[in-house]
Amino acid sequence: MSFNQTFQIYNCTPYKMTLDSVNSENLDDAWPSTIPAQDASGPGYVEFEQDGFFSVNPTAIYIMQSTPSINATMHFYCAGTGLTVQVTTTLEYSSNPPFTNLIRESNTNPDQEATGSNNLSIKDFGNNSSRGIAIFVIGQDKIPS
């Protein structure tokens, strides 16, 4: 089975985010090395795809260039077939940030999302799709328009 996942990351904070490539896993050279900070024209934004044959299972750790620095860990997991496709999306910080966040995934029907300041998680097991969009919004609890 083939897996294809689109990732969208919005950075609505004034802090540039830099990938910790040493401690991140299964990125398949798809994840960007930096996510720009929000500026006068809007949030920093990156969009990219990651493919896998048996699964898509990245764990990306980004270091926010804040004082003190905060690590943001973004994890996505999609594996299985038909009625057994499991989808997990999480966002965790090394310390509680002073802002809210949002995660959303479209592999399930209907789309699922979670908001909060830390330890956001979506888990679903069932008749899900091996293709979809995972969205991480850093610094606000809605998707920027």
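This passage describes the fold, the nonpolar cores and selected residues of a predicted model.

The chain contains 12 strands and zero helices. From the N terminus on, its elements run β-β-β-β-β-β-β-β-β-β-β-β. The radius of gyration is 15 Å, close to the 15 Å that the globule rule gives for 145 residues, so the chain is as compact as a globular protein of that length. Along its principal axes, the C-alpha trace spans about 45 × 30 × 30 Å. Of the 145 residues, 48% count as buried. Contacts often bridge distant parts of the sequence: among those between residues at least 6 apart, 62% join residues at least 24 apart. The accessible surface comes to about 7100 Å². Carbon and sulfur atoms account for 46% of that surface. The chain carries 5 positive and 14 negative charges. The mean positions of these two sets are 5 Å apart.

In soluble globular proteins, nonpolar side chains tend to be buried together. In this model, the largest nonpolar core holds 31 residues. Trp31, Met74 and Phe136 touch the most other members. Eight strands each supply at least two residues of this core: E1 (3-11), E2 (17-19), E4 (44-52), E6 (59-64), E7 (70-79), E8 (85-93), E11 (120-126) and E12 (131-138). The largest share, five residues, comes from E7. A second, separate core has five residues, including Tyr10, Cys12, Leu102 and Val137.

The surroundings of methionine 74 show how distant segments meet. Residues up to four places away in sequence are not counted here. On the N-terminal side in sequence, methionine 74 touches Ile9, Met17, Trp31, Ile35, Pro58, Thr59, Ala60 and Tyr62. Further along the chain, methionine 74 touches Thr90, Leu91, Phe136 and Ile138. Two of these partners, Trp31 and Phe136, are themselves among the residues that touch the most other core members.

Valine 46 lies in strand E4. Its relative accessibility is 13%, under the 20% cut-off, so valine 46 counts as buried. Beyond its neighbours within four places in sequence, valine 46 is in contact with Phe7, Gln8, Ile9, Pro32, Thr34, Ile35 and Pro36. Isoleucine 122 lies 76 residues away along the chain, and the two C-alpha atoms are separated by 21 Å.

Phenylalanine 99 sits in the loop between E8 and strand E9 (101-105). Despite this loop position, phenylalanine 99 is buried, with a relative accessible area of 13%. Its contacts, leaving aside neighbours within four places in sequence, are Thr13, Met64, Tyr93, Ser117, Ile138 and Gly139. Ile138 is also touched by methionine 74. Phenylalanine 99 and glycine 116 are 17 residues apart in sequence, and their C-alpha atoms are 8.4 Å apart in space.

Several loop residues have notable backbone geometry. The peptide bond from threonine 67 to proline 68 is cis, with omega near -10°. Proline 68 is found in the loop between E6 and E7. Asparagine 26 and aspartate 29 occupy the loop between E2 and strand E3 (34-35). Phi of asparagine 26 is near 55°, a positive value in a residue other than glycine. Aspartate 29 also has a positive phi, of about 55°, although it is not a glycine. Asparagine 26 is partly exposed, with a relative accessible area of 41%. Aspartate 29 is exposed, at 82%.

Technical notes. Residues numbered from 1 in each chain as written. Predicted model: local features only at pLDDT ≥ 70, side-chain atom pairs only at ≥ 80, totals over all residues. Heavy atoms only, no water. Core = buried A, V, L, I, M, F, W, Y, C linked by side-chain atoms within 4.5 Å. Buried < 20%, exposed > 50% of the residue type's maximum accessible area, 1.4 Å probe, protein only. Helix = DSSP H or I, 4+ residues; strand = E, 2+ residues; numbered from the N terminus. Contact = heavy atoms within 4.5 Å. Rg over C-alpha atoms; globule rule 2.2 N^0.38 Å. Areas by Shrake-Rupley, 256 points an atom, 1.4 Å probe, with all protein chains shown as cover. Lys, Arg positive; Asp, Glu negative; His and termini not counted. Charge placed at Lys NZ, Arg CZ, Asp CG, Glu CD.
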